[in-house]
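Subject: Handing over a structure, with notes on what was found

Dear colleague,

I am passing a structure on to you, and you will find it just below. After it come my notes, which go from the overall picture to individual helices and residues.

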Amino acid sequence: MGKYIVKSLLQVIPVLLIVSLIVFILVRVTGDPVALMLPETATEEDRAVLAQALGLDQPLYTQYVKFLGSALKGDFGSSFRYGEPALPLVLERLPASFELAAAAMLFAVLMAVPLGVASAVKRNTFLDLVISGLSVIGKAMPNFWMGIMLILLFSVMLGVLPVSGRGGFAHLVLPAFTLGVGLAAQMTRLIRSSMLDILNQDYIRTARGKGIVELLVIGKHAFRNGLIPVVTIMGLQFTSLIGGTLITETVFAWPGLGQLLVVAVNTHDMAIVQASVFVIAVIVVVTNILTDAAYRLLDPRIKYN
């Protein structure tokens with residue numbers, strides 16, 4: 001287990017190198033940052049001076065080597081929009097994104113686990129039909145539409161929850177619910193499928209033949225083994241929630257990393273884009289390692305070579 005984690009950590013280096021190269025190239029082929037930073041009345045001399053100051057007059061390979069050297073020190077440059085170093089700005093937004101992602105994930109798990117298990121245990125019954133139907137509807141509804149509908153209902157009409165912003169628990173309810181519904185629907189279907197497969201295994205029939213209480217058979221023997229694919233989707237979805245909540249963050253004016261990244265892309269703020277993608281890449285790699293470690297805890301039979 002320890003050797004596997006060390007090996008996985010070493011694999012982070014080539015992954016981040018590839019990510020840095022892709023981001024570096026994409027940022028520079030999408031437009032001229034000098035033209036975006038200067039007004040239309042700027043002269044060619046002004047453009048040349050700014051390009052030289054930013055190092056954009058040098059060959060691309062030279063720019064990349066300098067960028068990589070600075071990135072290893074945690075220096076991704078300064079944001080021309082905010083006038084501050086990019087990495088601290090990104091890290092400043094991370095807690096808000098983590099808070100929203102964790103709340104959405106918690107809501108999804110609390111909803112999906114009982115519904116998925118109940119749907120599998122009561123297979124082909126009316127309850128299974130209702131849960132499956134709700135799962136399809138929950139997955140089909142776009143996040144932005146659901147967010148707007150929730151704002152109209154609970155904020156405008158009923159006035160019980162705030163419209164936007166980040167503050168106390170009340171501010172977290174609507175955006176977390178908006179993000180969590182689609183994830184809960186997906187996890188419910190996955191738990192149902194996984195549990196159905198487990199419930200047909202020989203050791204489950206043996207446990208039932210021994211007269212073990214059905215609740216214990218479901219909870220101890222079936223549910224634990226059925227969690228492995230669920231842990232996989234949780235790891236993947238959590239990382240996507242960190243960097244991919246831009247629509248929900250925009251609808252609810254949530255000051256997270258997604259909203260910061262959208263503004264940076266629209267304004268061609270290269271420093272913010274590069275720092276954001278690097279931070280998200282690190283989160284993805286670390287989350288994948290933790291997910292693999294969770295497999296071993298759930299099923300000791302899993303071995304890492």
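Please keep in mind while reading that this is a predicted model. A good place to begin is with H6 and H7, which are oblique to each other, since their axes cross at roughly 140 degrees and only angles over 145 would count as roughly antiparallel. Helix H6 covers residues 86-121 and helix H7 covers residues 126-140, and their axes come within 8 Å. The crossing of these two helices, H6 and H7, is left-handed. On the H6 side the contact involves Leu115, Ala118 and Ser119, and these meet Leu127, Asp128, Ile131 and Ser132 in H7. Sorted by class, the contact of H6 with H7 has 4 nonpolar, 2 polar and 1 charged residues.

Stepping back for a moment to the whole protein, there are 15 helices and 0 strands. Of the 305 residues in the protein, 41% are buried. Among the contacts in the protein with a separation of 6 or more, 73% are accounted for by residues 24 or more positions apart.

Helix H7 also packs against H9, with the axes of H7 and H9 8 Å apart and at an angle of about 140 degrees, which makes H7 oblique to H9. The crossing of H7 and H9 is left-handed. From H7, the residues Asp128, Ile131, Ser132, Ser135, Gly138 and Lys139 take part, and in H9 they meet Val181, Gly182, Ala185, Gln186, Thr188, Arg189 and Arg192. The contact of H7 with H9 has, by class, 3 nonpolar, 6 polar and 4 charged residues. If you compare the residue lists, you will see that Asp128, Ile131 and Ser132 of H7 appear in the contact with H6 and again in the contact with H9.

The third pairing in this group is that of H6 with H9, where the axes come within 6 Å and cross at roughly 35 degrees. The crossing of H6 and H9 is right-handed. The residues of the contact of H6 with H9 divide into 26 nonpolar, 4 polar and 2 charged.

Turning to the aromatic side chains, a search of the whole structure finds 2 aromatic pairs. One of them is formed by Phe76 and Phe278, a tilted pair with 5.2 Å from centre to centre and 55 degrees between the planes. Phe76 lies in the loop between helix H5 (60-72) and H6, while Phe278 lies in helix H15 (residues 270-298), so the pair ties together parts that are 202 residues apart in sequence. Phe76 is buried, with a relative accessible area of 9%, and Phe278 likewise counts as buried, at 11% relative accessibility.

The other aromatic pair is formed by Phe107 and Phe177, and this pair is also tilted, with 5.0 Å from centre to centre and 55 degrees between the planes. Phe107 sits in helix H6 and Phe177 in helix H9 (residues 169-199), so that the pair links distant parts of the chain, 70 residues apart. Phe107 is partly exposed, with a relative accessible area of 22%, and Phe177 counts as partly exposed as well, at 34% relative accessibility.

Two single residues may also be worth locating in the model. Gly147 lies in helix H8 (residues 143-157) and is buried, with a relative accessible area of 0%. Leaving aside residues up to four places away in sequence, Gly147 touches Thr178, Val251 and Phe252. Gly147 and Leu174 are 27 residues apart in sequence, and their C-alpha atoms are 7.2 Å apart in space.

The second residue is Tyr203, which is found in helix H10 (residues 202-209) and which, at 34% relative accessibility, counts as partly exposed. Tyr203 and Ala222 are 19 residues apart in sequence and 9.3 Å apart in space, C-alpha to C-alpha.

With kind regards

Conventions:
Residues numbered from 1 in each chain as written. Predicted model: local features only at pLDDT ≥ 70, side-chain atom pairs only at ≥ 80, totals over all residues. Heavy atoms only, no water. Axes fitted to C-alpha atoms, helices over the stretch in contact; angles between N-to-C directions. Helix = DSSP H or I, 4+ residues; strand = E, 2+ residues; numbered from the N terminus. Parallel < 35°, antiparallel > 145°, perpendicular 65-115°, else oblique. Left-handed = near helix turned anticlockwise from the far one by under 90°. Contact = heavy atoms within 4.5 Å. Nonpolar A, V, L, I, M, F, W, Y, C, P; charged D, E, K, R; others polar. Phe/Tyr/Trp six-rings, centres within 6.5 Å; stacked < 30°, edge-to-face > 60°. Buried < 20%, exposed > 50% of the residue type's maximum accessible area, 1.4 Å probe, protein only.
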